[in-house]
Amino acid sequence: MTLSFPNRSRSYDARGRRVRFWGYDGALEISFFLDQRAFSRMSPNPKMDETGILIAFDRHRDQILDVASKLYSGRRRDAYTLQASDF
């Protein structure tokens with residue numbers, strides 16, 4: 001099976017300062033987290049509140065999902081955190 005992202009849901013985790021989203025490998029649901037600092041690599045001067053971060057996530061969704069797929073293909077785990085260095 002290959003990783004897919006049919007669920008466009010994402011949520012902001014203020015405590016962890018990250019965005020959570022989900023991918024699927026067949027019937028397996030895989031959690032992904034995108035560290036808030038990664039947005040500085042994708043967007044100059046992103047607004048760092050919940051709304052701004054979610055807008056930036058949506059704007060860069062294709063790039064984020066591409067990075068998530070590459071991380072997943074190398075190591076199969078239940079959850080992954082994408083860092084600024086991944087971009």
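This is a short tour of the structure, stop by stop, with something to select at each one. Keep in mind that you are looking at a predicted model.

**Stop 1: the whole chain**

Start with the cartoon view and colour by secondary structure. You should find three helices and five strands. Follow the chain from the N terminus and the elements come in the order β-β-β-β-α-α-α-β. The radius of gyration is 12 Å, close to the 12 Å that the globule rule gives for 87 residues, so the protein is as compact as a globular protein of that length. Turn the model around a bit: the C-alpha trace spans about 35 × 20 × 20 Å along its principal axes.

Now switch on the surface. About 5,300 Å² of the protein is accessible, and carbon and sulfur atoms own 46% of that. Of the 87 residues, 43% are buried. As for contacts with a separation of 6 or more, 44% of them are between residues 24 or more positions apart.

**Stop 2: Gln 36**

Select Gln 36 next. You'll find Gln 36 in the loop between strand E4 (28–35) and helix H1 (39–42). Is this residue buried or exposed? Gln 36 has a relative accessible area of 3%, under the 20% cut-off, so it counts as buried.

What is around it? Skip the neighbours within four places in sequence, and Gln 36 is in contact with Tyr 12, Arg 17, Arg 18, Met 48 and Ile 53. Show those side chains as sticks, and keep two of them, Arg 17 and Arg 18, on screen for the next stops.

**Stop 3: Arg 17**

Click on Arg 17, in the loop between strand E2 (10–13) and strand E3 (18–25). Check the backbone here: Arg 17 has a positive phi of about 50°, although it is not a glycine.

**Stop 4: Arg 18 and Asp 13**

Time for some charges. Side chains of opposite charge can pair when their charged atoms come close. How many salt bridges does the count come to? The count comes to six.

Select Arg 18 along with Asp 13: their side chains meet in a salt bridge, 3.0 Å from N to O. Arg 18 is partly exposed, at 26% relative accessibility. Asp 13 is partly exposed too, with a relative accessible area of 24%.

**Stop 5: Asp 35 and Arg 37**

Go back to Gln 36 and pick the residues numbered on either side. Asp 35 forms a salt bridge with Arg 37, with the closest N and O atoms 2.8 Å apart. Look at the surface around each partner: Asp 35 counts as buried at 10% relative accessibility, whereas Arg 37 counts as exposed at 56%.

**Stop 6: along helix H3**

Select helix H3 (residues 61–74), then show Asp 66 and Lys 70, which both lie in it. They are four residues apart, about one turn of the helix. Their side chains meet in a salt bridge (3.1 Å, N to O). Asp 66 is partly exposed, with a relative accessible area of 39%, while Lys 70 counts as exposed at 55%.

**Stop 7: a network, then the full set of charges**

Which residues join Asp 58 in a network of salt bridges? Select Arg 10 and Arg 61 together with Asp 58, and you have the linked group.

To finish, colour every charged residue. The protein has 15 positive and 11 negative charges, and the mean positions of the two sets are 3 Å apart.

Terms used:
Residues numbered from 1 in each chain as written. Predicted model: local features only at pLDDT ≥ 70, side-chain atom pairs only at ≥ 80, totals over all residues. Heavy atoms only, no water. Helix = DSSP H or I, 4+ residues; strand = E, 2+ residues; numbered from the N terminus. Rg over C-alpha atoms; globule rule 2.2 N^0.38 Å. Buried < 20%, exposed > 50% of the residue type's maximum accessible area, 1.4 Å probe, protein only. Contact = heavy atoms within 4.5 Å. Areas by Shrake-Rupley, 256 points an atom, 1.4 Å probe, with all protein chains shown as cover. Lys, Arg positive; Asp, Glu negative; His and termini not counted. Charge placed at Lys NZ, Arg CZ, Asp CG, Glu CD. Salt bridge = Lys/Arg side-chain N within 4 Å of Asp/Glu carboxyl O.
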